Amino acid sequence: MSQESPVAIYDARTLGKAKMTILGVQHLFAMFGATILVPVITGLSVSATLLFAGLGTLIFHACTKFRVPAFLGSSFAFLGGYAAVTQMGMANGLTLEQALPYACIGVFFAGLMYFILAALFAAYGAKKVMRFFPPVVVGPIIIAIGLCLSGSAIQNCCQNWWIAILAIAIIIVCNIWGRGMIKIVPILLGVLGSYLVASICGLVDWAPVKEAAWVGLPIKYENTALAVFDNPDWGLIVAAIIAILPISLATMVEHIGDICAISSTTGINYLENPGLHRTLMGDGLATSIAAIFGAPANTTYGENTGVLNITRVFDPRVIRMAAVFAIILSFCPKFAEIIAVMPAATIGGVSLVLYGMISSVGVRNVVENQVDFTESRNLIIAALILTLSIGIKYGANDAVSIGFTSLSGLAVAALVGIILNAILPGNTYEFGKSELGDKSVNFGGPFKKDDAAKD
């Protein structure tokens, strides 16, 4: 990764306002399909998601001295955490809407973990800290996230397999044979195509859309984490924190990979200036604030890195324009209802691809970092992470009770993996040795987008 690239910055500044605006809309379009898919799957507010994607991006830019051209959208990594906590909540008699704010509390604390890692980076440097989070731990955790979610995707597909298969087919065709922006947004096109056919077939109830207002506030108090404390279930709060906190392990490594990818794309070393400690703080702060108000966790988006690669315009102001557009769109309840009435089969088909791609990212992380599975320590660590996470998910009522709380399979697996990696001899992982490996964790969206510019 080279140092400053004055030519790229100069070219961006010579753009007129009209071209800058168009580029901003393109960045909005690139992140849009993946970002709104998270609230569609989890039940969180679409309007709040868009609001805090925009605000989170602006917060990130402020924390990074307005230097890094990154957009923050919804993180798919936390889908398993939301599912685990809402299932625990509903088992205690809560509705989905009442259980989701408990999951948001867990995400809030996950965001705070970024500050701890940022402080460690500032104090000890990336190489020493990342030895505790090698690919042999992170890769299998990511694989487990996708596999643990696969059951819910099948349940939604069963509502109408033809609609689900159509969504899958469109995604495959666009991603394999598409060019330019078509290749950038296969998930969005899969949703739109499947949704349109379902509507033509009379499978969509448009009444809520007709009744919704054009303008309204994107935040409702009852959907925020603050509402939990009106009548808190402290056991569920602790369980939510324990279930979701380990997921931050994967998302923090993903963040580092994304910053490496953005640095490689722009030719500017953002790992040194403004530094990983600042980018981590920006991402963590955006995630924690979003969680308080009932929006999904944020993460830097590979889709927008792909747009940077295609346009070769690296001015962060273009990204901030996209953030402002997302904020404006969040104040339209009618749009949120259009998303809410989407057929379950459409969601199922898209999710089936998405969850599989998340697991594939974990495989990619292991392969591109050349993890040696002829080593017994690596084999044992990966085996226990996979069997514990999936076994507890599908064989132990989604969680293991320990004292007054419950641990999800993913939480147990992450803890076991981290501890074993720390105590077993033979940890030879060195962060920064393989640029390809460092960039291989990216599931802000379902596909790695920085390859799209090659077409």
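pLDDT is the predictor's confidence in each residue, on a scale from 0 to 100. Keep that handy, since this is a predicted model.

**Exercise 1. Work out where to trust the chain: which helix has the lowest confidence, and which the highest?**

Solution.
- Start with the whole chain: its mean pLDDT is 85, and 90% of the residues reach 70 or more.
- Now go helix by helix. Confidence bottoms out in helix 1 (residues 6-13), with a mean of 45, and peaks in helix 3 (residues 46-63), at 96.
- Then look at the weak stretches. Residues 1-12 stay under 50 in pLDDT, and the model gives them 26 contacts beyond four places in sequence.
- Residues 444-455 also stay under 50, with 48 such contacts.
- Where pLDDT is low, the predicted coordinates should not be read in detail.

**Exercise 2. Sketch the overall makeup: how many helices and strands does the protein chain have?**

Solution.
- Count the elements: 21 helices and four strands.
- Check burial next. Of the 455 residues, 57% are buried.
- Finish with contact range. Take the contacts with a separation of 6 or more: 85% of them link residues 24 or more positions apart.

**Exercise 3. Describe how helix 8 packs on helix 18: at what angle, and how far apart are the axes?**

Solution.
- Two packed helices are described by the angle between their axes and the distance between the axes.
- For helix 8 (residues 161-177) and helix 18 (residues 344-368), the angle is about 45° and the axes are 7 Å apart.
- Angles from 65 to 115 degrees would be roughly perpendicular and those under 35 roughly parallel, so helix 8 comes out oblique to helix 18.
- As for handedness, the crossing of helix 8 and helix 18 is right-handed.
- Who touches whom? On the helix 8 side you have Ile163, Ala164, Ala167, Ile168 and Ile171; they meet Ala345, Thr346, Gly349, Val350, Leu352 and Val353 of helix 18.
- Sort that contact by class and you get nine nonpolar residues, two polar ones and no charged ones.

**Exercise 4. Hunt for unusual backbone: which residues does the cis peptide bond join?**

Solution.
- Most residues other than glycine have a negative phi, and most peptide bonds are trans.
- The cis bond sits between Asn273 and Pro274, with omega at about 20°. Pro274 belongs to helix 14 (residues 271-292).
- Phe66, not a glycine, has a positive phi near 60°. Look for Phe66 in the loop between helix 3 and strand 1 (72-74).
- Gln370 has a positive phi too, about 55°, and lies in the loop between helix 18 and helix 19 (376-395).
- Compare accessibility: Phe66 counts as partly exposed because its relative accessibility is 46%, whereas Gln370, at 69%, counts as exposed.

**Exercise 5. Place two helix residues: is Lys183 buried or exposed?**

Solution.
- Find Lys183 in helix 9 (residues 181-184).
- The cut-off for buried is under 20% relative accessible area; Lys183 has 17%, so it counts as buried.
- Lys183 is 11 residues from Ile172 in sequence, and their C-alpha atoms are 9.8 Å apart.
- Now take Ala422, in helix 20 (residues 409-423). Its relative accessible area is 46%, so Ala422 is partly exposed.
- Ala422 and Phe132 are 290 residues apart in sequence, yet 6.5 Å apart in space, C-alpha to C-alpha.

Technical notes: Residues numbered from 1 in each chain as written. Predicted model: local features only at pLDDT ≥ 70, side-chain atom pairs only at ≥ 80, totals over all residues. Heavy atoms only, no water. Contact = heavy atoms within 4.5 Å. Axes fitted to C-alpha atoms, helices over the stretch in contact; angles between N-to-C directions. Parallel < 35°, antiparallel > 145°, perpendicular 65-115°, else oblique. Left-handed = near helix turned anticlockwise from the far one by under 90°. Nonpolar A, V, L, I, M, F, W, Y, C, P; charged D, E, K, R; others polar. Buried < 20%, exposed > 50% of the residue type's maximum accessible area, 1.4 Å probe, protein only.
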